[in-house]
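User: I would like to learn how to read the features of a protein model, one at a time. Please begin with a single residue and then move on to the whole chain.

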Amino acid sequence: TPAAAGIGQGNGEIGFGFGFMDFDSNVSAETGGRFSIRGGYHFTDLFQLEGQILSANVTDFERPGYSFQNTSMGAFLVNGVFNFGSSKTTVPYALIGGGRVGVLDVASDEGVGFDEDGPAFQVAGGVRLFFGKSKRAAVRLELSLLRENTFDESSTHTGLTVGFTWRLGPAK
């Protein structure tokens, strides 16, 4: 059966992840921390729709003309997740999503702040590694590309996260 681990049609899933965001040079050219919360519903063993909220932050960096104290990014995305494989413990996946992103830059020396929001698109790939007797919990590893358009520029940010996810629903 495809995706025989702790997911399947009719199940929900919630989780969180911590990691790093390598910001595009249009935004900061630095790497900062990243946190995300996600939850979704499996319409089939192979397809899931999920909502994701993510936050990324980098502090103390230079950009021509400004010395920045902080850049923060927040996004809300809706992702289509495609699950692959038939292992009892390993479920690789790919996802594509879209939503909105907001970016806030605070320039420390000048006391200037820049704030803008715009559309965002995401592609990612990863794997869930289920464990335990009932295979309801998993470690989730993910590599993602987030493309957003703010400040009249398109920027692509690379993210790497490690997190946990839990299956919600009847026992398999």
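Analyst: K135 is partly exposed, because its relative accessible area is 24%, and the classes are buried for under 20%, exposed for over 50% and partly exposed in between, with a 1.4 Å probe and protein chains only. This residue is found in the loop between β6 (112-131) and β7, and its phi is near 55°, a positive value in a residue other than glycine. The model is predicted, so local features need pLDDT of at least 70 and side-chain atom pairs need 80 or more, while totals for chains, interfaces and linings use all residues. Residues are numbered from 1 along each chain as its sequence is written, and side-chain values use heavy atoms, with hydrogens and water left out.

User: How many helices and strands does the protein have?

Analyst: The secondary structure comes to zero helices and eight strands, where strands are DSSP runs of E with at least two residues, helices are runs of H or I with at least four, and both are numbered from the N terminus. Read from the N terminus on, the elements therefore follow the order β-β-β-β-β-β-β-β. Of the 172 residues in the protein, 41% are buried.

User: In which sense do strands β7 and β8 pair?

Analyst: Strand β7, residues 137-150, and strand β8, residues 153-168, pair in the antiparallel sense over 14 bridges; two strands count as paired if DSSP finds at least two bridges between them. You can follow one of these contacts by eye, since N149 has S154 in β8 as its bridge partner. The hairpin of β7 and β8 has two residues between the strands, and F151 in this hairpin takes a positive phi near 55°.

User: Where is T156, and how far apart are the C-alpha atoms of T156 and D22?

Analyst: T156 has its place in strand β8, and with a relative accessible area of 29% it is partly exposed. The C-alpha atoms of T156 and D22 are separated by 9.0 Å, although the two residues are 134 residues apart along the chain.

User: How many salt bridges does the structure hold?

Analyst: The general idea is that side chains of opposite charge can pair when their charged atoms come close. The structure holds seven salt bridges, each being a side-chain nitrogen of Lys or Arg within 4 Å of a carboxyl oxygen of Asp or Glu. In one of them, E13 pairs with R140, and the closest N and O atoms are 3.7 Å apart. This pair links distant parts of the chain, with E13 in strand β1 and R140 in strand β7, 127 residues apart. E13 counts as buried because its relative accessibility is 3%, and R140 is buried as well, with a relative accessible area of 5%.

User: Which residues are linked with these two in a network of salt bridges?

Analyst: The network of salt bridges links E13, R38, E50, R128, R140 and E142. R140 also forms a salt bridge with E142, the closest N and O atoms being 3.9 Å apart, and E142 in turn meets the side chain of R38 at 3.3 Å, N to O. The pair of R38 in strand β2 and E142 in strand β7 links distant parts of the chain, 104 residues apart. R38 and E142 are both buried, and E142 has 2% relative accessibility.

User: How many cavities are there of 30 Å³ or more?

Analyst: Rolling a probe the size of a water molecule over the atoms shows where empty space is left. A cavity is a set of points on a 1 Å grid over the protein atoms where a 1.4 Å probe fits but cannot get out, and its lining residues have an atom within 4 Å of a point. Points are joined across faces, edges and corners, and the volume is the space filled by probe spheres set on them. By this rule there are two cavities of 30 Å³ or more, and the largest cavity has a volume of about 60 Å³. Among the residues that line the largest cavity are R38 and R140, which you have already met in the salt-bridge network. β1 (12-22), β2 and β8 each supply at least two residues of this lining, and β8 gives the most, with five residues.

Terms used
1 Å grid on protein atoms, 1.4 Å probe; cavity = no way out; pocket = protein on both sides within 12 Å on 5 of 7 lines; lining within 4 Å.
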